[in-house]
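Here are some exercises to work through with the model open beside you. Try each task before you read its solution.

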Amino acid sequence: MPRTYMPTKSPIEGGQSYLVSVSDLMAGLLFIFIIALTVFALNLREAEDRAVESKIELERITHFLTMNRQARAELLETIKQEMEHQGLKIEIDPDQGILRLRDNVLFDMASADLKPKGKEVLNALAGAFLKILPSYLCTDSEQGATSENGLQRFGTVETIFVEGHTDMAPIWGGRYRDNWELSVYRAMNTYRYLTGLTESNLEELKNCDDEYLFSVSGYAFHRPVAPDHIRFGQPLNRRIDFRFVMTPPKISPEVVRAIEKATKHLGRP
């Protein structure tokens, strides 16, 4: 019976086969590494582009919000100048959006009844409001207006708080139980006099959401502007403040997404 001869590989041939297998494996791993590195680089570039776009959008929004504050400061300064033209001085705080009247001009001590001088000041203030405020309110055509940046109702007044403030001195007897009641009645009487003047339609002024513009609040002595020193601080704390709040720009969904991306990507190292 014939014998079959099976050739065997030499040691050299076996070693070459092993080297070829390792070389193929290393080439495959290198190819995978290059692909992974490319994908990572593309994702990093895309993330950087999104972060830059989000930062630009946030800077644009911040610019508009800053301009809103500037519009309020301009409004207050215009009212102040209008009053000065009539020989009457008032105080303004542009940073806080406040127009301030001292109580010694408007009221006697522990009283909420307006003095003749106080009525004179409020007469002039009502005229200034009627002349200037409509320029800072929405017209019918602007109710739904949107800027190219997705921001709406820029530079308009949202509300005006008529705020009553007192010092810490307790009230003994009289018509009012305490400083809370006194501050509220002073604010209410100020508002009612302003809106009750002949041919005054201040009460009918509305914001962009068709809501009435004015509201009334009393804070007693809880929001002082100076230490409540009897001689120096108390006269400053007794006051009527008109606090102007501007309408925050309404933001489109695109801008909201930009903000979300910015807060997600800008904080990353």
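## Exercise 1: one residue in a helix

N237 lies in helix α5 (residues 233-237), where helices (H or I, at least four residues) and strands (E, at least two) are DSSP runs numbered from the N terminus. The model is a predicted one, in which local features need pLDDT of at least 70, side-chain atom pairs count only at pLDDT 80 or more, and totals for chains, interfaces and linings use all residues. Residues are numbered from 1 along each chain as its sequence is written, and side-chain values use heavy atoms, with hydrogens and water left out.

Task: decide whether N237 is buried or exposed, and list what N237 is in contact with beyond its neighbours within four places in sequence.

Solution.
- Step 1. Buried means under 20% relative accessible area, exposed over 50%, and partly exposed in between (1.4 Å probe, protein chains only).
- Step 2. N237 has a relative accessible area of 0%, so it is buried.
- Step 3. Contact means heavy atoms within 4.5 Å. With those sequence neighbours set aside, N237 touches R102, H165, T166, D167, P224, V225, A226, P227 and D228.

## Exercise 2: a covered strand

Task: find which residues of strand β2 (residues 98-102) are buried, and which strands pair with β2.

Solution.
- Step 1. Five of the five residues of β2 are buried.
- Step 2. Sort them by face: I98, R100 and R102 lie on one side, with L99 and L101 on the other.
- Step 3. Two strands pair if DSSP finds at least two bridges between them. Strand β1 (residues 91-93) is antiparallel to β2 and joined to it by three bridges; here D93 has I98 as its bridge partner.
- Step 4. Look at the hairpin of β1 and β2: four residues sit between the strands, and G97 adopts a positive phi near 70°.
- Step 5. Strand β6 (residues 239-246) also pairs with β2, antiparallel and over five bridges. In β6, R243 is opposite I98.

## Exercise 3: checking a helix

Task: test whether the length of helix α4 (residues 179-196) agrees with 1.5 Å a residue, then find what its buried residues pack against.

Solution.
- Step 1. The expected span of a helix is 1.5 Å times one less than its number of residues.
- Step 2. The 18 residues of α4 should therefore span 26 Å, and the end C-alpha atoms, 25 Å apart, agree with this.
- Step 3. At the N-terminal end, D178 acts as the cap, with a side-chain oxygen 3.2 Å from the backbone nitrogen of W180.
- Step 4. Buried residues of α4 include L182, R186, Y191 and L194. The buried residues of this helix pack against α2 (103-106), α3 (116-132), β4 (157-165), β5 (214-218) and β6.

## Exercise 4: a covalent tie

Task: identify which residues form a disulfide, and say what the pair ties together.

Solution.
- Step 1. A disulfide is a pair of cysteine sulfur atoms within 2.5 Å. By this rule the count is one.
- Step 2. The sulfur atoms of C138 and C208 are 1.7 Å apart, and these two residues form the disulfide.
- Step 3. C138 is in the loop between α3 and β3 (151-152) and C208 in the loop between α4 and β5, so the pair ties together parts that are 70 residues apart in sequence.
- Step 4. The link of C138 and C208 is right-handed, with 75° about the S-S bond.
- Step 5. C138 counts as buried at 14% relative accessibility, and C208 is buried at 3%.

Definitions and conventions. A polar contact is a pair of N or O atoms within 3.5 Å; within protein, one must be able to donate a hydrogen and the other to accept it, and residues adjacent in sequence count only if both atoms are side-chain atoms.
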